[in-house]
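Student: I have a new structure to look at, and I'd like help reading it. Could you walk me through it feature by feature?

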Amino acid sequence: MKLSFEDIFAQHLEVLKNEGRYRIFRDISRERGNFPCALFRYQGDRSQVKVWCSNDYLAMGENPVVLEAMRSALDQFGAGAGGTRNISGTHGLIVDLEKELADLHRKEAALLFSSGYVANETALSVILKLLPNAVVISDSENHASMIAGIRASGAQKKIMAHNDPEDLKKILAEIPQTQPIVLAVESLYSMSGEFGKLKELIMLAKERGAFVYVDETHAVGVYGKSGGGVCEELGLLDLVDMLQGGLGKGFGVVGGFVTGSRNAIDAIRSFGAGFIFTTALPPVIAAGALASVRYLKSSSLERLKLQEISSYLKNSLEGAGFPLISNKSHITPLVIGNAKCCNAISERLLFENRIYIQPINYPTVPKGSERLRITPSPKHTCEDVEELKLALIGQWEKAHLSRKAA
């Protein structure tokens, strides 16, 4: 008997459910002025939960300066952008935001996108298509958006062992001297919280005259004296040809961008389908992002508070024997190693402890490394950390999981 389309879809979904990989979207609504608490709705009931997995790392999503800029822009310019920039024109706020982002990375130009994913996919695909016979060296743990851009370009690719300068050295030695090379890496790998070994990797690539592309999505706003990211913090901005960043993490709004030379950015603007055929970000979004970028260029308070609470969180959980992935960033991955168990602990934390941490399963991370990805913010307190630790200890015991300290 021939299966219907609906039966086929249902079968694929059933596989995900049986493997414990089916994603449940919780009805979680953040409330201005109340972060990190949020409203959880379930089957008609409402309750307050504490959020420990937000990517709004600096809580800029409720910063008064950002909110006031967005209110003003909404009143003055309305809701939407009216279409693509190609058709409807480029709003002055977008022009100003791109200038601000270019200045953030000490580059000649910047280009704004609807998301960080689209920025990576579009920029990498255009760069690799335009460079004749180019080969791209991509870190094995690069984000899906970078992989999509590389695949769309059709360029020759070589996969570098994760964060491994020695492997990069070997790969570079195999590439003919006349062949253009693009190195594509991340500054901060969001699922492990690991920093890229940027100094070693970039210096090796530059010795061969490579074009260096760095994804700073999870680092902009959060690191660097002006919030420019890890490359700014390490003094590497002048060695990187193009940087990509997000406006929905450290800057607390939404969107993505790339910065680079005037010609490189103009080429992406002129040839990138992901840019040309996508409706522009609304003025209200551009206004919020612009205010956030400007604010974080001069304010380090949020960054300092984040580092303080991150250190306290890691020390507290490590002291309790929890299996954390060791890193020096603000991201705290707690490894469980089983999809069904990971989902169960996440669910019990939500319903029993009123703590929201979304489970991270395959294909976001490899099978056997399923985890809870904990991300504090400047709004979390030491008391919040201790509350989280006690809840995790209880759930670990219910799941019969071991802790080093137990």
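Student: Let's begin with the sheet: in what order do β13, β15 and β16 lie?

Tutor: Strands of a sheet pair through backbone hydrogen bonds, either parallel or antiparallel. Here 3 strands form an open sheet, in the order β13-β16-β15, with antiparallel pairing. Because β13 (332-335) and β15 (359-360) each have a single partner strand, they stand at the edges, and one side of each is left without a neighbour in the sheet. β15 is joined to β16 (residues 371-374) by 2 bridges, and Pro 359 sits opposite Leu 372 in β16. Helices (H or I, at least four residues) and strands (E, at least two) are DSSP runs, numbered from the N terminus, and two strands pair if DSSP finds at least two bridges between them.

Student: Before we go on, where do the numbers come from?

Tutor: This is a predicted model, in which local features need pLDDT of at least 70 and side-chain atom pairs count only at pLDDT 80 or more, while totals for chains, interfaces and linings use all residues. Residues are numbered from 1 along each chain as its sequence is written, and side-chain values use heavy atoms, with hydrogens and water left out.

Student: How many bridges join β2 to β3?

Tutor: There are 6 between β2 (residues 37-42) and β3 (residues 45-51), which run antiparallel. Arg 41 has Arg 46 in β3 as its bridge partner. Their hairpin has 2 residues between the strands, and Gln 43 takes a positive phi near 50°. β3 also pairs with β14 (residues 355-356), in the parallel sense over 2 bridges; there, Val 51 stands opposite Tyr 356.

Student: Now a helix: is α12 largely enclosed or open?

Tutor: Buried means under 20% relative accessible area, exposed over 50%, and partly exposed in between (1.4 Å probe, protein chains only). In α12, 13 of the 16 residues are buried, so the helix is largely enclosed by the rest of the structure.

Student: And what about Phe 9, buried or exposed?

Tutor: In between: Phe 9 is partly exposed, with a relative accessible area of 48%. You'll find Phe 9 in helix α1 (residues 5-18).

Student: How many disulfides are there?

Tutor: A disulfide is a covalent bond between the sulfur atoms of two cysteines. The test is a pair of cysteine sulfur atoms within 2.5 Å, and a search of the whole structure finds 0. For Cys 37, the nearest cysteine sulfur, in Cys 53, is 13 Å away. Cys 37 is buried, at 13% relative accessible area. The sulfur of Cys 341 is 7.5 Å from the closest cysteine sulfur, that of Cys 342, which is too far for a bond.
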